[in-house]
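I opened the notebook today to look up charged pairs and one strand residue, and I wanted to keep burial and pairing side by side.

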Amino acid sequence: MLLRLLKDPFPAAAVHWRIGAKSGDKTQGMVVAYIDDRDAMKRFDDVCEPENWQVRYPRDGYCEIGIFVERTGGGEWIWKGNGAGETAVEGEKGRYSDAFKRAAVLWGVGRYLYYLPKQWMPLKNGSSTWATIVGDPKLPAWALPK
């Protein structure tokens, strides 16, 4: 079934990193990988075709993604959903974006990122809210497209 292609790794350039935790002295940060919601949308377009998937937000901060699955004698819409709270950075917009990405993970999109090994990276301005990662985190070979 084509839907297994939803699980394929993204190119390294599409994987973004944020600081998930900081060391006690704030000179190191554990980095967490994520993808942009637009990359997830493109994955659905590429695998399912634009007319065979859709999104709905049945309540605040909750997203459902439906995929039309062909069956013998017809087909049906299958829905998976998840939610998220407001983010500190983008508030309401971030909540909807995060809910979409979490619903996409239920379909396998970007799920492999949860299984990446922990990486600690040096930080610039580690004691600041806007600390930055120094250097480029690396993806293991299994987390890159073939």
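I looked up E64 first and found that it counts as buried, at 17% relative accessibility, because the cut-off for buried is under 20%. Its side chain meets that of R56 in a salt bridge, with 2.5 Å from N to O, and R56 itself counts as partly exposed at 38% relative accessibility. I keep in mind that this is a predicted model.

I then asked how many salt bridges the structure holds. The count came to six. As a general point, I noted that side chains of opposite charge can pair when their charged atoms come close.

Next I went to E76, which forms a salt bridge with R71, and I noted 2.9 Å between the closest N and O atoms. E76 is partly exposed, with a relative accessible area of 38%, and R71 is also partly exposed, with a value of 41%.

For D36 I found a salt bridge with R38, where the closest N and O atoms are 3.7 Å apart. D36 is partly exposed, at a relative accessible area of 25%, whereas R38 is exposed, at 54%. I also noted that D36, D37 and R38 are linked in a network of salt bridges.

Last, I turned to Q119, which lies in strand β6, spanning residues 119-124. Is Q119 buried or exposed? I found Q119 to be buried, with a relative accessible area of 16%. Leaving aside residues up to four places away in sequence, Q119 touches W17, G29, M30, V31, P137 and K138.

How values were computed: Residues numbered from 1 in each chain as written. Predicted model: local features only at pLDDT ≥ 70, side-chain atom pairs only at ≥ 80, totals over all residues. Heavy atoms only, no water. Helix = DSSP H or I, 4+ residues; strand = E, 2+ residues; numbered from the N terminus. Buried < 20%, exposed > 50% of the residue type's maximum accessible area, 1.4 Å probe, protein only. Contact = heavy atoms within 4.5 Å. Salt bridge = Lys/Arg side-chain N within 4 Å of Asp/Glu carboxyl O.
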